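Here is a note for a colleague who has not worked with this structure before. Please read the numbered points with the model open.

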Amino acid sequence: GLVGLTAAALFAAEFWLVAAFVAVLSSLLDGVDGAVAEITGQKSKFGALLDVTIDRIVEISLILVLAAAGASFESVTSAALAILILEYIRAKANSLGITGPGKITIAERPTRVVMFAMLSVGVWVIGLDNLLLTIGAWTLTVLTAIGVIQLFFCFADQLRHNSGR
């Protein structure tokens, strides 16, 4: 989590290339953390809750820094809402006991972090440009919205076939 927040701070401080690298590193570390917990048998409900909470804090921080840098309010708000809806659907499905295939979408957290990193590199190459930031945020919104639709219909299909309702 601290590495992800560092990526946001680096972007805000206009160290865009370093921010891109650190954002990707934070995503890799997040994946390794979960894998290590699984392999060593150290998984816990607290750890799972902490992980998703930190993930949302980091992602919202990355989006807020785009807003602070000049992306349109509408684009960053839409991106944040799409991410929160996607993750809410996933959490609700888990609470309903829906498991199995279909939980992976086109817009998983690593994809979203890589998009932020690519946008950071774009700003490093082109310079700080409100239009570039806005296009990046809208692209994130569209990709995540596709993920929301994908996840919703996958889970709805599983409910329809498995519950008789």
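Which helix gives the most to the lining of the second largest pocket? The answer is in point 3.

1. Basis. This is a predicted model, in which local features need pLDDT of at least 70 and side-chain atom pairs count only at pLDDT 80 or more, while totals for chains, interfaces and linings use all residues. Residues are numbered from 1 along each chain as its sequence is written, and side-chain values use heavy atoms, with hydrogens and water left out.

2. Largest pocket. The volume of this pocket is about 860 Å³. (On a 1 Å grid over the protein atoms alone, a pocket is an open set of points where a 1.4 Å probe fits, with protein on both sides within 12 Å along at least five of seven lines; lining residues have an atom within 4 Å of a point. A volume is the space filled by probe spheres set on the points.) Its lining has 27 residues, and Gly34, Gly47, Ala48, Asp51 and Val52 lie nearest the centre. The helix that gives the most is α3, with 10 residues; helices here are DSSP runs of H or I, at least four residues, numbered from the N terminus. By type, the lining holds 10 nonpolar, 9 polar and 8 charged residues.

3. Second largest pocket. About 460 Å³ of space lies here. Among the 17 lining residues, Val52, Glu87, Arg90, Asn94 and Glu108 are closest to the centre. The helix asked about above is α4, which gives 6 residues. The lining divides into 6 nonpolar, 2 polar and 9 charged residues.

4. Helix α2. The 24 residues of α2 should span 34 Å at 1.5 Å a residue (taken times one less than the number of residues), and its end C-alpha atoms are 35 Å apart, which agrees. Buried residues of α2 (under 20% relative accessible area, 1.4 Å probe, protein chains only) include Trp16, Ala19 and Asp30. Their cover includes α1, α3 and α5. After α2 comes Gly41, with a positive phi near 70°.

5. Cores. The largest nonpolar core (buried Ala, Val, Leu, Ile, Met, Phe, Trp, Tyr and Cys residues joined through side-chain atoms within 4.5 Å) has 29 residues, of which Phe11, Ile63, Leu66, Phe116 and Leu133 touch the most other members. The largest share of this core, 6 residues, comes from α3. A second, separate core of 7 residues includes Leu86, Ile89, Ala93 and Ile98.

Technical notes. Helix = DSSP H or I, 4+ residues; strand = E, 2+ residues; numbered from the N terminus. Nonpolar A, V, L, I, M, F, W, Y, C, P; charged D, E, K, R; others polar. Buried < 20%, exposed > 50% of the residue type's maximum accessible area, 1.4 Å probe, protein only. Contact = heavy atoms within 4.5 Å.
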